[in-house]
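Here are some comments on the model, set out as numbered points so that each can be checked against the coordinates.

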Amino acid sequence: MRLALLACALMLLAAPAQAVECAAGGCTYLSLGCSSSGTDLVCDGKGIVGVVNITNIPTYVKSINLRDNQITGVAPGMFHGLNSLQYLYLSDNKITALAA
């Protein structure tokens with residue numbers, strides 16, 4: 001029984017993330033499968049595709065991890081008002097340019 005549960009858990013961990021895309025008006029970090037831990041917003045490897053536009057990032061967030069997705073861009077103004085933001089991780093995506 002324990003071995004079967006372990007096998008199921010390993011299969012879930014190894015399964016590729018489902019593609020998740022924000023609607024035109026944006027999306028919440030929970031709808032993307034992200035988690036918030038203290039001052040960190042963790043969205044790595046969540047299968048996010050296209051232009052990301054998270055509309056409910058807490059203003060106290062210091063770190064946003066968007067690595068290892070299929071993000072092609074970031075919506076203008078997504079980071080507006082995030083005065084505590086110190087680290088933004090965007091590696092391993094499909095971003096070719098960011099708007100100024």
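1. In this predicted model, strands β5 and β7 pair in the parallel sense, and the pairing runs over three bridges. One position to inspect along this pairing is Asn65, which stands opposite Tyr89 in β7. As background, strands in a sheet pair by way of backbone hydrogen bonds, in either a parallel or an antiparallel sense.

2. The pairing of β5 with β7 belongs to an open sheet of four strands, whose order is β2-β3-β5-β7 and whose pairing is mixed. The edges are taken by β2 (35-37) and β7 (87-89), and because each has a single partner strand, one side of each is left without a neighbour in the sheet. From one strand to the next, the twist averages 10 degrees.

3. Ser63 deserves a look of its own, since its place is in strand β5, which covers residues 63-65. Is Ser63 buried or exposed? Its relative accessibility is 11%, and because the cut-off for a buried residue is under 20%, Ser63 counts as buried. When its neighbours within four places in sequence are left aside, the residues in contact with Ser63 are Thr39, Asp40, Leu41, Leu85, Tyr87 and Tyr89.

4. Two of those contacts of Ser63, Tyr87 and Tyr89, come up again when aromatic rings are considered. A search of the whole structure finds one aromatic pair, and this pair is formed by Tyr87 and Tyr89, which are stacked with 6.3 Å from centre to centre and 10 degrees between the planes. Tyr87 has a relative accessibility of 45% and so counts as partly exposed, and Tyr89, at 30%, likewise counts as partly exposed.

5. Tyr89 also has a charged side chain to account for, as Arg67 lies over the face of its ring, at 4.5 Å from the ring centre. The surroundings of Tyr89 can therefore be described by its stacked pairing with Tyr87, by Arg67 over its face, and by Asn65, which Tyr89 stands opposite across the strands.

6. How many disulfides does the structure hold? There are two, and with the bonded cysteines of the chain numbered in sequence order, the pairing is 1-2, 3-4. One of these disulfides joins Cys22 to Cys27, with 2.0 Å from S to S. Both of its ends are buried: Cys22 has a relative accessible area of 11%, and Cys27 has one of 10%.

7. The other disulfide joins Cys34 to Cys43, with 2.2 Å from S to S. The link of Cys34 and Cys43 is right-handed, with 120 degrees about the S-S bond. Cys34 is buried at a relative accessible area of 5%, and Cys43 counts as buried at 0% relative accessibility.

8. For the chain as a whole, the secondary structure comes to one helix and seven strands, and from the N terminus on the elements run α-β-β-β-β-β-β-β. Of the 100 residues of the chain, 30% count as buried. Among contacts in the chain with a separation of 6 or more, 44% are accounted for by residues 24 or more positions apart.

Terms used:
Residues numbered from 1 in each chain as written. Predicted model: local features only at pLDDT ≥ 70, side-chain atom pairs only at ≥ 80, totals over all residues. Heavy atoms only, no water. Helix = DSSP H or I, 4+ residues; strand = E, 2+ residues; numbered from the N terminus. Buried < 20%, exposed > 50% of the residue type's maximum accessible area, 1.4 Å probe, protein only. Contact = heavy atoms within 4.5 Å. Disulfide = S-S within 2.5 Å. Phe/Tyr/Trp six-rings, centres within 6.5 Å; stacked < 30°, edge-to-face > 60°. Lys NZ or Arg CZ within 6 Å of the ring centre and 35° of its normal. Pairing = 2+ DSSP bridges. Axes fitted to C-alpha atoms, helices over the stretch in contact; angles between N-to-C directions.
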